[in-house]
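Biologist: Before I trust any labels here, can you show me the model and tell me what sits behind each word?

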Amino acid sequence: MKTILLALLILSSTLWAEKHAFMVGVNDVGGQYSLYTDIDLQKMRKMLKKAGFNIHTLKGKNASLSKVREKFKSFYKLKKDDTFLFYYTGHGARMTGINKNEPIDNFFVLNDAIIGADTISGGILTDNEYSMHLHKISALKLSTVDACHSASIYKDLSSKEFVKSIIPKGTDTIFKRDNSIQNFQSFRPENLINISA
């Protein structure tokens, strides 16, 4: 009897574990540069549903910085046995950094971003802020990013050395940082797998 009870207690931690997927899709910036992210979201949703995930999606006008932050905070309560997947499909870009060891910050372009000729402001999720949110989530984490400069988004997520993206010829745009953009401490979250495309 004790053996059966012990087995049930061990299994209960995984039987009752939660699986949440937070998906963000930003199709365009100010009505320009469409990426057809709805197709990406539909395909990912179908796959994750089959895997038993609870799906949380922000797209279009709902994919603002304030709503993305609010949603991330709702996952802070997840436990170590739970699973959290973040999926972003949309535009990624780079801007001048604040820290001396990071001359460039990568970021996700959200729906309320304001992009000028050489300046970015408003709704952007920097790599440092992203790493902070992942750090505060105790669950097992999977980060999946489909955006420009996503190969270097992981520099704050898993690498001990800062890795900067390779700039393809003709795409060397680095936006100037607007004063409204907050600076966040960089974290290296544990229990994380990062996939970038």
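Modeller: Sure, angles first: under 35 degrees counts as roughly parallel, over 145 as roughly antiparallel, 65 to 115 as roughly perpendicular and the rest as oblique. This is a predicted model, where local features need pLDDT of at least 70, side-chain atom pairs count only at pLDDT 80 or more, and totals for chains, interfaces and linings use all residues. Residues are numbered from 1 along each chain as its sequence is written, and side-chain values use heavy atoms, with hydrogens and water left out.

Biologist: Why are H3 and H4 called roughly parallel to each other?

Modeller: The axes of H3 (residues 65–74) and H4 (residues 127–135) cross at roughly 25° and come within 10 Å. The cut-off is under 35 degrees, so H3 and H4 are roughly parallel.

Biologist: Which residues of H3 and H4 meet?

Modeller: Leu65, Arg69 and Phe72 of H3 meet Glu129, Tyr130 and His133 of H4, with contact meaning heavy atoms within 4.5 Å.

Biologist: What makes Tyr36 exposed?

Modeller: Its relative accessible area is 60%. Exposed means over 50%, buried under 20% and partly exposed in between (1.4 Å probe, protein chains only), so Tyr36 counts as exposed. Tyr36 also has a positive phi of about 60° although it is not a glycine.

Biologist: Why do S2 and S9 count as edges of the sheet?

Modeller: The open sheet has five strands in the order S2-S1-S3-S7-S9, with parallel pairing. S2 (54–59) and S9 (192–196) each have a single partner strand, so one side of each is left without a neighbour in the sheet.

Biologist: How do you know that S1 and S2 pair?

Modeller: Pairing takes at least two bridges found by DSSP; six join S1 to S2. Met23, for one, has Thr57 in S2 as its bridge partner.

Note on methods: Helices (H or I, at least four residues) and strands (E, at least two) are DSSP runs, numbered from the N terminus. Axes are lines fitted to C-alpha atoms, for helices over the stretch in contact, and angles run from 0 to 180 degrees between N-to-C directions.
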